[in-house]
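Open the model in your viewer and keep the selection tool at hand. The tour below goes from one selection to the next.

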Amino acid sequence: MNHDLGEFLRSRRARVRPDDVGLPGGGRRRVPGLRREELAMLAGVSVDYYMRLEQGRTPAVSDSVLDAVARVLRLDDTERAHLRNLVRPTPARRPAPQRVRPGLRRLLEMADDVPAFVMGRRADILAWNPLADALYGFGDLPPEDRNSARHTFLRPESRTFYRDWPTVAADMVAFLRLDAGRYPDDARLAALVGELSVKDETFRKLWAQHKVLEKTHGTKLMRHPVVGDLDLDYETLRPTGDPDVVLALYTARAGSPTEDRLKLLASWSAVPSGTPSEQQA
């Protein structure tokens with residue numbers, strides 16, 4: 001039985017109100033959101049079939065059924081992909097070690113005026129340029145701690161480093177959830193989630209919400225101990241042929257105080273380019 005699949009579907013049902021989908025919302029409800037029989041009716045499947053789907057007991061679910069369920073639950077594109085990953089998990093295999101190919105390393109070296117780093121599976125930080133090191137301090141960390149999730153939840157200073165820490169924390173958990181859906185048998189990811197769940201109550205509560213998010217672009221609000229407040233826009237790029245790696249680039253808007261502070265950070269830092277030893281998947 002796929003426990004994560006059932007929890008994900010139940011959490012999505014809970015957020016859809018009956019009147020959102022044209023059903024009467026009156027009467028007392030034991031739990032919020034749609035009932036199983038209501039979802040099954042709207043998706044055009046039997047209640048028994050939907051219950052087996054929620055219990056992970058339907059090994060050959062058609063695309064049309066998944067599309068119908070996703071439509072009723074109002075899933076976005078990322079959630080739809082996550083649902084398919086949960087229904088059709090990747091066959092268990094030992095993943096190969098992640099390596100940063102030479103072309104990506106050269107891109108890091110070329111992006112010398114903006115913070116840039118490469119992030120792999122489980123939010124592991126695989127390589128970075130000097131300005132990203134000056135921003136995050138990757139080079140001062142032992143290899144096992146070069147991980148964005150560990151940085152967010154296990155370093156007390158992150159609560160002040162990120163001026164919008166609750167948003168950063170929620171996005172980080174949703175990103176890990178997406179990775180867990182792609183690779184449900186990843187022992188290292190399971191160990192990371194277990195450690196964070198034990199050590200941080202906020203992580204534990206966010207993990208139980210089953211939200212998923214693909215980090216593509218946005219803004220990070222930071223408070224650096226040397227240069228002060230930074231409002232950095234970020235873009236993440238997935239290299240063709242290597243979907244488990246992202247290149248993250250942070251930029252400042254022209255003429256902004258952040259641009260001046262980023263230049264000050266670049267001049268302050270004399271940290272050499274960093275590329276840690278290969279992370280083992």
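This is a predicted model. Begin with the lining of the largest pocket, whose residues divide into seven charged, four nonpolar and one polar.

To see that lining, select R10, R13, A14, R29, R30, V31, P32, G33, L34, R35, R36 and E37. Two elements give two or more residues to it: α1, residues 3–14, and α2, residues 36–43. Colour these two helices separately. Which element gives the most to the lining of the largest pocket? The answer is α1, with three residues. The space itself has a volume of about 300 Å³. If your viewer can draw a surface, turn it on here; rolling a probe the size of a water molecule over the atoms shows where empty space is left.

Now move along the chain to the strands. Select residues 217–224, which make up β3, and residues 228–237, which make up β4. The two strands pair in the antiparallel sense, over eight bridges. Between them lie three residues, and together β3 and β4 form a hairpin. To look at one bridge, pick G218 and then Y234 in β4, its bridge partner.

Keep β4 selected and add β5, residues 246–251. How many bridges join β4 to β5? There are five, and these strands run antiparallel. For a single position in this pairing, select T236, then A248 in β5, which stands opposite T236.

To finish, show β3, β4 and β5 together: β4 is paired with β3 over eight bridges and is joined to β5 by five.

How values were computed
Residues are numbered from 1 along each chain as its sequence is written. This is a predicted model: local features need pLDDT of at least 70, side-chain atom pairs count only at pLDDT 80 or more; totals for chains, interfaces and linings use all residues. Side-chain values use heavy atoms; hydrogens and water are left out. On a 1 Å grid over the protein atoms alone, a cavity is a set of points where a 1.4 Å probe fits but cannot get out, and a pocket is an open set with protein on both sides within 12 Å along at least five of seven lines; lining residues have an atom within 4 Å of a point. Grid points are joined across faces, edges and corners, and a volume is the space filled by probe spheres set on the points. Helices (H or I, at least four residues) and strands (E, at least two) are DSSP runs, numbered from the N terminus. Ala, Val, Leu, Ile, Met, Phe, Trp, Tyr, Cys and Pro count as nonpolar, Asp, Glu, Lys and Arg as charged, and the others, Gly among them, as polar. Two strands pair if DSSP finds at least two bridges between them.
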